[in-house]
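Work through the exercises below with the structure open. Each task is followed by a solution in steps.

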Amino acid sequence: MSDKPLPAVPYLKIPDDGEPFIEGHRCSSCGATFLGVRDNCSKCGARDGMKPVRLSNQGELYSYCIVHRSFPGIEVPYVSAIVDLDGGGTVKGNLINVEPDPSKIDFGMPVEVVYDDALGRKDSDGNSYLSYFFQPRT
């Protein structure tokens with residue numbers, strides 16, 4: 001078992017000597033930014049021009065859905081959100097620290113990325129996972 005948590009998704013990076021971050025890949029031709037490793041740009045089609053980039057921890061809520069039914073063991077309701085990050089990149093994750101009520105959530109509201117335990121989940125060796133969440137910016 002490791003003292004350091006494992007990333008919940010491959011694009012969540014946990015450096016040994018710094019804060020966790022979400023990694024995107026930016027096209028050197030058109031500037032489009034995507035999650036996940038890719039060889040070609042999905043926007044302009046450029047080949048071999050995708051470079052890794054550290055994405056911002058701030059953005060705006062683009063869309064959301066309040067989930068009332070989920071897998072066993074997942075507490076509901078929760079807010080599933082899509083966020084446009086400052087500087088590029090669109091990321092899906094859960095919006096926390098806000099009441100799951102449409103009157104409390106505004107499209108375009110400023111949010112920030114926070115990193116925390118992945119809801120208590122562990123792998124078969126007992127290692128914990130680190131995940132990212134969004135919360136309203138104060």
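The exercises concern a predicted model and go from the overall fold to the cores and the salt bridges.

**Exercise 1. Describe the secondary structure and the overall extent of the protein.**

Step 1. Count the elements: the protein has 10 strands and 0 helices.
Step 2. Read them from the N terminus, which gives β-β-β-β-β-β-β-β-β-β.
Step 3. Take the principal axes; the C-alpha atoms fill a box of roughly 45 × 45 × 30 Å.

**Exercise 2. State what share of the residues is buried, and describe the exposed surface and the charges.**

Step 1. Of the 138 residues in the protein, 33% are buried.
Step 2. The exposed area is about 8500 Å², with 49% of it supplied by carbon and sulfur atoms.
Step 3. There are 14 positive and 19 negative side chains, and the centres of these two sets are 7 Å apart.

**Exercise 3. Find the largest nonpolar core and the elements that contribute to it.**

Step 1. This core has 24 residues. Those with the most contacts inside it are I22, L61, V91, L95, I105, Y115 and F134.
Step 2. Two or more residues each come from β3 (21-27), β6 (58-67), β7 (78-85), β8 (90-95), β9 (110-122) and β10 (128-136).
Step 3. The most, 4 residues, come from β7.
Step 4. Inspect F134: leaving out residues up to four places away in sequence, its contacts include A81, V83, L85, V91, L95, V111 and V113.
Step 5. Another core, of 5 residues, lies apart from the largest one; C27, A32, A46 and M50 are among its members.
Step 6. For contacts across the whole protein with a separation of 6 or more, 48% join residues 24 or more positions apart.

**Exercise 4. Which residues form the salt bridges, and are they buried or exposed?**

Step 1. The structure holds 2 salt bridges.
Step 2. In one, K4 pairs with D16, and the closest N and O atoms are 2.8 Å apart. K4 sits in the segment before β1 (6-7) and D16 in the loop between β2 (12-13) and β3, 12 residues apart.
Step 3. K4 has 33% relative accessibility and so counts as partly exposed, whereas D16, at 74%, is exposed.
Step 4. In the other, E23 pairs with K13 at 3.8 Å between the closest N and O atoms. E23 belongs to strand β3 and K13 to strand β2, so this pair ties together parts 10 residues apart in sequence.
Step 5. E23 has a relative accessible area of 17% and is therefore buried, while K13, at 29%, is partly exposed.

Technical notes: Residues numbered from 1 in each chain as written. Predicted model: local features only at pLDDT ≥ 70, side-chain atom pairs only at ≥ 80, totals over all residues. Heavy atoms only, no water. Buried < 20%, exposed > 50% of the residue type's maximum accessible area, 1.4 Å probe, protein only. Contact = heavy atoms within 4.5 Å. Areas by Shrake-Rupley, 256 points an atom, 1.4 Å probe, with all protein chains shown as cover. Lys, Arg positive; Asp, Glu negative; His and termini not counted. Charge placed at Lys NZ, Arg CZ, Asp CG, Glu CD. Core = buried A, V, L, I, M, F, W, Y, C linked by side-chain atoms within 4.5 Å. Salt bridge = Lys/Arg side-chain N within 4 Å of Asp/Glu carboxyl O.
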